[in-house]
2 protein chains.
Amino acid sequence: MHAITVTEPGGPEAMSWAKVPDPTPGPGEVIVEVAAAGVNRADLLQRQGLYPPPPGASDIIGLECSGTITNVGAALPLDRIGEKVCAILAGGGYAQKVAVPVGQLMPIPDGVSLIDAGGLAEVTCTVWSNLDMVANLSEGEWLLIHGGGSGVGTMAIQIGRALGARIAVTAGSQAKLDRCAALGAEVLINYHEQDFVQEIKDATGGRGANVILDNMGASYLSRNVDALARDGRLVVIGMQGGVKAELDINALLRKNASVHATSLRGRPESEKAAICAQVERTVWPWIHAGVVTPVIDRVMPMADAAEAHRLLADGAVTGKILLTP
Amino acid sequence: MHAITVTEPGGPEAMSWAKVPDPTPGPGEVIVEVAAAGVNRADLLQRQGLYPPPPGASDIIGLECSGTITNVGAALPLDRIGEKVCAILAGGGYAQKVAVPVGQLMPIPDGVSLIDAGGLAEVTCTVWSNLDMVANLSEGEWLLIHGGGSGVGTMAIQIGRALGARIAVTAGSQAKLDRCAALGAEVLINYHEQDFVQEIKDATGGRGANVILDNMGASYLSRNVDALARDGRLVVIGMQGGVKAELDINALLRKNASVHATSLRGRPESEKAAICAQVERTVWPWIHAGVVTPVIDRVMPMADAAEAHRLLADGAVTGKILLTP
């Protein structure tokens with residue numbers, strides 16, 4: 001088959017569409033013929049050699065895909081062949097075929113095309129596992145989402161709303177903020193022009209956000225703690241602003257608050273399967289009902305992965321970029 | 001009545017046993033004639049002017065007591081007069097009488113004397129609210145308790161064991177570690193001589209502690225994160241080692257871990273009442289059954305509060321010091 005390979009870690013140009021061996025299914029795995037693969041920010045780090053795949057995972061980039069099952073591993077029923085699925089992956093999505101543990105497969109939700117489903121698994125699993133399973137976001141609470149226009153951000157707005165929360169977002173352009181508003185965000189903060197701590201406090205009668213979903217890490221840590229309400233939960237899922245920062249424990253203690261940091265990729269397969277099962281049971285019905293919709297920026301040929309990475313790095317994307325082999 | 005007063009914040013000698021006005025019960029409050037008041041580390045900070053009482057609270061030191069109800073406020077039944085109780089307080093314990101919201105009263109557990117119960121409310125509510133309600137400590141998990149010989153520490157060992165956890169403690173002397181072992185701690189770490197990160201990793205096959213109950217704050221933050229297991233929860237309840245420290249968010253993220261910081265005193269009355277109700281329902285039966293026992297270092301006259309504070313500051317105490325008016 002063909003896949004995106006990286007001979008030497010580096011810039012987008014380090015990636016090329018090359019012939020590689022077909023994957024073989026291990027026990028409990030299926031082979032999916034990829035219809036589309038989602039591009040994630042972590043892919044850019046992996047390309048640069050900064051985010052190596054976990055032990056045993058494919059060294060091909062790509063954390064999610066959609067496609068059709070073409071082969072099954074030992075102990076799996078043959079009648080799954082032909083099934084249309086989407087999946088979270090430990091790696092291997094930027095390819096014509098990928099091996100996937102069955103627990104990480106989900107059906108294509110009604111009303112979503114096979115291609116569009118290629119960008120659905122990672123964002124829904126990331127958002128659900130953090131907002132519900134980690135932060136226990138509840139009806140009537142305020143959720144502040146940093147990077148509201150991103151793939152995760154546009155999904156977090158919708159899932160947050162479906163959970164009954166009120167939504168504030170930060171983004172870097174008016175166009176992204178407009179899109180966030182259309183998805184249900186009430187408080188729109190341009191981080192180039194506004195102080196998000198002040199804005200969320202103004203919007204909440206001085207109380208702050210009950211939950212913050214953060215993609216910046218170190219550079220926002222202190223302001224995020226300031227922006228939390230009493231009993232607030234800060235959930236860090238990205239470190240675009242660095243990895244180490246001073247924590248004011250007393251500020252956290254006075255609020256009875258907490259700081260969580262999570263990644264989906266590093267979880268054991270059993271946890272990934274549990275998350276997929278919950279997402280299918282909870283989020284898929286919202287998609288069927290039209291309450292939650294995947295936000296796709298564009299679909300590009302997989303051979304143009306370099307251009308896709310440049311667009312994402314430039315902040316020129318709202319929602320997801322998909323790559324088709 | 002008489003109470004301990006602090007005319008000018010300062011050392012232990014700043015406290016004196018002086019005549020002050022009797023407290024009057026607000027709506028939903030009772031007056032308790034104090035049998036004994038527990039000494040807490042936060043009392044030392046309040047004496048120094050570093051931990052002012054919350055708005056509306058008594059400015060007399062003292063976060064817990066036992067005693068007898070002598071008077072009830074509006075809308076409360078008169079037949080509660082004469083009831084023996086223990087209580088968590090926002091302040092006012094170092095006195096002959098104190099006003100207490102009814103939700104913060106608990107009965108004296110079977111087998112505990114009225115005096116000994118004076119040191120029971122704060123430690124049981126602190127430990128239960130953090131180990132169960134915040135950290136969700138579960139059967140078979142490892143709990144690392146810093147300051148295992150303290151009032152909170154000796155109670156956390158016992159409640160942790162009752163929850164089915166395995167216990168590691170740090171303390172500063174062999175005598176304290178021996179006492180911790182007698183209460184059920186399996187891993188005993190002398191922090192003057194041993195590295196707690198290495199010791200807890202050695203004891204857990206390299207995995208680390210599932211939950212850490214920490215009284216040090218800043219000075220232990222980085223090592224506590226190192227000592228956490230995957231999905232670990234660090235709960236900071238004291239800041240004897242300072243309030244600000246660098247947090248390695250990436251270390252936390254790789255473990256899917258969290259940092260919580262809590263204080264009992266700052267919680268609203270409704271939460272304090274909910275905690276007391278849970279403690280009475282869950283911990284009191286353990287005390288009745290002899291599974292959990294209050295650990296009392298000594299009982300002193302309240303007029304000797306200065307000496308009690310010196311002993312606590314010197315680390316010369318295992319379990320609780322009680323003051324009797």
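Which residue in β11(B) is the bridge partner of B:Leu144? The residue is B:Ile212, and this pair appears in the second of the views below, which show a predicted model.

**View 1. Two chains related by a rotation of 180 degrees.** Chain B superposes on chain A with an RMSD of 0.0 Å after this rotation, and the shift along the axis is 0.0 Å. The two copies are thus related as by a two-fold rotation axis. Both copies use the same surface, since 100% of the contact residues of chain B recur in chain A. Within chain B, the residue that comes closest to the rotation axis is B:Glu246, whose C-alpha lies at 2.0 Å.

**View 2. Parallel strands β8, β9, β11 and β12 of chain B.** Strand β8(B), residues 142-145, runs parallel to β9(B), residues 166-171, and four bridges join them. Here B:Leu143 has B:Ile167 as its bridge partner in β9(B). β8(B) also pairs with β11(B), again in the parallel sense, over three bridges; B:Leu144 and B:Ile212 are bridge partners across these two strands. Five bridges then connect β11(B) to β12(B), also in the parallel sense, and B:Val211 is matched there with B:Arg233. β11(B) is mostly covered, with six of its six residues buried.

**View 3. An open sheet of twelve strands drawn from chains A and B.** The strand order is β10(A)-β9(A)-β8(A)-β11(A)-β12(A)-β14(A)-β14(B)-β12(B)-β11(B)-β8(B)-β9(B)-β10(B), and the pairing is mixed. The edges are formed by β10 (187-190) of chain A and β10 (187-190) of chain B; each has a single partner strand, so one side of each lacks a neighbour in the sheet. On average, neighbouring strands of this sheet are turned by 15 degrees against each other, direction ignored. Helix α2 of chain B (residues 121-134) packs on the sheet, where it touches β8, β11 (209-214), β12 (228-236) and β14 (258-261) of chain B. The direction of this helix makes about 150 degrees with that of β11(B).

**View 4. Strand β9 of chain A and its pairing with β8(A).** β9(A), residues 166-171, is mostly covered, and five of its six residues are buried. Strand β8(A), residues 142-145, runs parallel to β9(A) and is joined to it by four bridges. Within this pairing, A:Leu144 stands opposite A:Ala168 in β9(A).

**View 5. Surroundings of A:Arg233 in strand β12 of chain A.** The strand that holds A:Arg233 spans residues 228-236. A:Arg233 has 14% relative accessibility and therefore counts as buried. A polar atom of the side chain of A:Arg233 lies 3.2 Å from the backbone oxygen of A:Asn136. Beyond its neighbours within four places in sequence, A:Arg233 is in contact with residues including A:Ala135, A:Leu137, A:Glu141, A:Asn210, A:Val211, A:Ser258 and A:His260.

**View 6. Crossing of helices α2 and α8 of chain A.** The axes of α2(A), residues 121-134, and α8(A), residues 269-288, come within 10 Å and cross at roughly 95 degrees. That angle makes α2(A) roughly perpendicular to α8(A). The residues of α2(A) that meet α8(A) are A:Thr124, A:Cys125, A:Trp128, A:Ser129, A:Asp132 and A:Met133. On the side of α8(A), the residues met include A:Ile275, A:Cys276, A:Val279, A:Val283, A:Trp284 and A:Trp286.

Note on methods
Residues numbered from 1 in each chain as written. Chains lettered and ligands numbered in written order. Predicted model: local features only at pLDDT ≥ 70, side-chain atom pairs only at ≥ 80, totals over all residues. Heavy atoms only, no water. Least-squares fit on C-alpha atoms with pLDDT ≥ 70 in both. Contact = heavy atoms within 4.5 Å. Buried < 20%, exposed > 50% of the residue type's maximum accessible area, 1.4 Å probe, protein only. Polar contact = N/O pair within 3.5 Å; in protein donor to acceptor, adjacent residues only side chain to side chain. Pairing = 2+ DSSP bridges. Axes fitted to C-alpha atoms, helices over the stretch in contact; angles between N-to-C directions. Parallel < 35°, antiparallel > 145°, perpendicular 65-115°, else oblique.
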